[in-house]
Amino acid sequence: MCSVSKVNEMLKETSAGTARRAPLVSTVQLKHAREKYFVVDIREADEILSDPLESIQVDAEVPMGKLIHLARSSSTELDDWKNNGKTIVLLCGSGHRASVAASDLLEMGFDAAVLMRGVIG
């Protein structure tokens, strides 16, 4: 599992502009070309419970720390995501964490993007 300090470090890197920026996907794009995307909600469980999504179909719920840990480890859990021919669209509350995680995934060879403006848009 990714520690809080590691997540904070990743947030600082992205804010400083050292990480590769992920492309943005709008909710309109998502709805009109759903078959092109694999949508992952990276919010924490309590956030998902307090603000469930109704207008966006989510394919997986994996908190940011766990997602980055899985992507960086030799785990094969994300191989299907990487090789399914779809863009992984990450979403969180505001879009900031999703931007950090998507940038990290891009650096690891994943096709990743961010839901524009996050859930609370």
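Ser-26 is buried, at a relative accessible area of 17%. In this predicted model, Ser-26 sits in the loop that connects β1 (24-25) to α2. Leaving aside residues up to four places away in sequence, Ser-26 touches Leu-115 and Met-116.

**Overall architecture**

Six helices and five strands make up the secondary structure of the protein. Read from the N terminus, the elements follow the order α-β-α-β-α-β-α-α-β-α-β. Of the 121 residues in the protein, 43% are buried. The accessible surface amounts to about 6,700 Å², and carbon and sulfur atoms account for 49% of that surface. When contacts between residues at least 6 apart in sequence are considered, 68% join residues at least 24 apart.

**Salt bridges**

Side chains of opposite charge can pair when their charged atoms come close. The structure contains four salt bridges, and the table lists the partners of several, including the pair Arg-34 and Asp-59.

| Pair | Closest N to O distance |
|---|---|
| Arg-34 and Asp-59 | 2.8 Å |
| Glu-47 and Arg-97 | 2.8 Å |
| Asp-104 and Arg-72 | 2.8 Å |

Arg-34 forms a salt bridge with Asp-59. Arg-34 belongs to the loop between α2 (27-32) and β2 (37-41), while Asp-59 belongs to the loop between α3 (45-50) and β3 (60-61), so this salt bridge ties together parts that are 25 residues apart in sequence. Asp-59 is partly exposed, its relative accessible area being 33%.

The side chains of Glu-47 and Arg-97 also meet in a salt bridge. This pair links distant parts of the chain, with Glu-47 in helix α3 and Arg-97 in helix α6 (residues 96-107), 50 residues apart. Glu-47 is partly exposed, with a relative accessible area of 24%. Arg-97 is likewise partly exposed, with a value of 21%; the class of buried residues is reserved for those under 20%.

Helix α6 also contributes Asp-104, whose partner Arg-72 lies in helix α4 (residues 64-72), 32 residues apart from Asp-104. The closest N and O atoms of Asp-104 and Arg-72 are 2.8 Å apart. Asp-104 has a relative accessibility of 13% and therefore counts as buried, whereas Arg-72, at 40%, counts as partly exposed.

Terms used:
Residues numbered from 1 in each chain as written. Predicted model: local features only at pLDDT ≥ 70, side-chain atom pairs only at ≥ 80, totals over all residues. Heavy atoms only, no water. Helix = DSSP H or I, 4+ residues; strand = E, 2+ residues; numbered from the N terminus. Buried < 20%, exposed > 50% of the residue type's maximum accessible area, 1.4 Å probe, protein only. Contact = heavy atoms within 4.5 Å. Areas by Shrake-Rupley, 256 points an atom, 1.4 Å probe, with all protein chains shown as cover.
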